[in-house]
Amino acid sequence: MLFTGKSKKHVHIARTAILVAFAAVPLLSTALPLAPYTDSASMTVASPDTGMALVSASTDARQALRWVVAAHDNEGLPFVIVDKKGGRIFVFEAGGQLRGASPALTGLAPGDHGVPGMAQRSVASLREDERTTPAGRFVSEPGHNLQGEAIVWIDYAAKLAIHRLRPAAAAERRAERLASETPDDNRISMGCVVVPVSFYESVVGPVLGKSRSIVYVLPETQPLQRMLGALQLSQR
């Protein structure tokens, strides 16, 4: 979340970010009846690869993958699952074939809410408790930062992107955090999803760096079923 450079088509980026309103998702569970969430675990998955893709991933990540493929929610586009609790990112082709998985760094502060008015604020102004990676469904788009570095915008207005690991203060130990065996130390970014340089260049860039894609950032403070139920409700 270190970018203010403008993408050529940034108007499309958060067009369907259902759970930027996930900050208000309790309203969905009280003011509105949730669409009946269907656990697609027993459904036939479109691609045989998806059955084994997330064997080492969390239950939430596997469940989200099954739902996306069964519901065709990615609209024929490549898609990404960001598992904040597991500290990992999974990148898929449009048909659900896994292209790669990697450890990832996410926002320092746990939470599923975006920062109100972020479009009018600088990244440097964020307090530690505001450095979150919001949960939700986002239409991403490739772009560049002010330094000309290729990135993938998750939400341009919120200054959220997927980008390579880059030099940072030594005390943050970002490379060590990515290399560690536990996800417990993967929270350090300003909100962006940070991946190893090699993973960005071999997977993220080739799959997500050419056109729009769908990014699913899984919630950590509320149940995944509530997020998926909200998405089902939005499809009606």
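Two strands count as paired if DSSP finds at least two bridges between them. The model described here is predicted. Strand 7 takes part in two such pairings: three bridges join strand 7 to strand 6, and three join strand 7 to strand 9. Confidence varies along the chain: the mean pLDDT is 80, and 76% of the residues reach 70 or more.

**Confidence**

- Among the elements of the chain, strand 10 has the highest mean pLDDT, 98, and helix 1 (residues 25-30) the lowest, 32.
- Residues 2-16 stay under 50 in pLDDT, and the model gives this stretch 49 contacts beyond four places in sequence.
- The pLDDT is also below 50 over residues 18-51, a stretch with 69 contacts in the model beyond near neighbours in sequence.

**Strands 6, 7 and 9**

- Strands 6 and 7 run antiparallel, and valine 152 has isoleucine 162 of strand 7 as its bridge partner.
- These two strands form a hairpin with four residues between them. In the turn, lysine 159 has a positive phi of about 60 degrees.
- Strands 7 and 9 run parallel, and arginine 164 has valine 195 of strand 9 as its bridge partner.
- Strand 7 is mostly covered, with five of its five residues buried.
- In a regular strand the side chains alternate between the two faces of the sheet.

**Nonpolar cores**

- The largest nonpolar core holds 21 residues, and those with the most contacts inside it are Ile89, Val91, Ile162, Val195 and Val204.
- Two or more residues of this core come from each of strand 1 (79-83), strand 2 (88-92), strand 6 (150-155), strand 7 (160-164), strand 9 (193-195), helix 5 (197-208) and strand 10 (213-217).
- Helix 5 gives the largest share of this core, six residues.
- Another core, of 20 residues, lies apart from it; Ala57, Trp67, Val139 and Met227 are among its members.
- Outside its neighbours within four places in sequence, valine 204 is in contact with Val91, Val152, Ile162, Val195, Phe199 and Gly209.

**Helix 5**

- The buried residues of helix 5 are Phe199, Tyr200, Val203, Val204, Val207 and Leu208.
- Because they cover an arc of only 125 degrees around the axis, they lie on the same side of helix 5.
- An α-helix has 3.6 residues a turn, so residues three or four places apart point the same way.

**Aromatic pairs**

- The count of aromatic pairs comes to three.
- One of them joins phenylalanine 79 and tyrosine 216 edge-to-face, at 6.3 Å centre to centre with 85 degrees between the planes.
- This pair links distant parts of the chain, since phenylalanine 79 is in strand 1 and tyrosine 216 in strand 10, 137 residues apart.
- Phenylalanine 79 counts as buried because its relative accessibility is 0%, where the cut-off for buried is under 20%.
- Tyrosine 216 has a relative accessible area of 2% and is therefore buried as well.
- Tryptophan 153 and tyrosine 156 also form an edge-to-face pair, 4.9 Å centre to centre with 75 degrees between the planes.
- Both tryptophan 153 and tyrosine 156 are buried.
- Phe79, Phe92 and Tyr216 form one aromatic cluster.

Notes
Residues numbered from 1 in each chain as written. Heavy atoms only, no water. Core = buried A, V, L, I, M, F, W, Y, C linked by side-chain atoms within 4.5 Å. Buried < 20%, exposed > 50% of the residue type's maximum accessible area, 1.4 Å probe, protein only. Contact = heavy atoms within 4.5 Å. Phe/Tyr/Trp six-rings, centres within 6.5 Å; stacked < 30°, edge-to-face > 60°. Arc of directions from axis to C-beta. pLDDT = per-residue confidence, 0-100.
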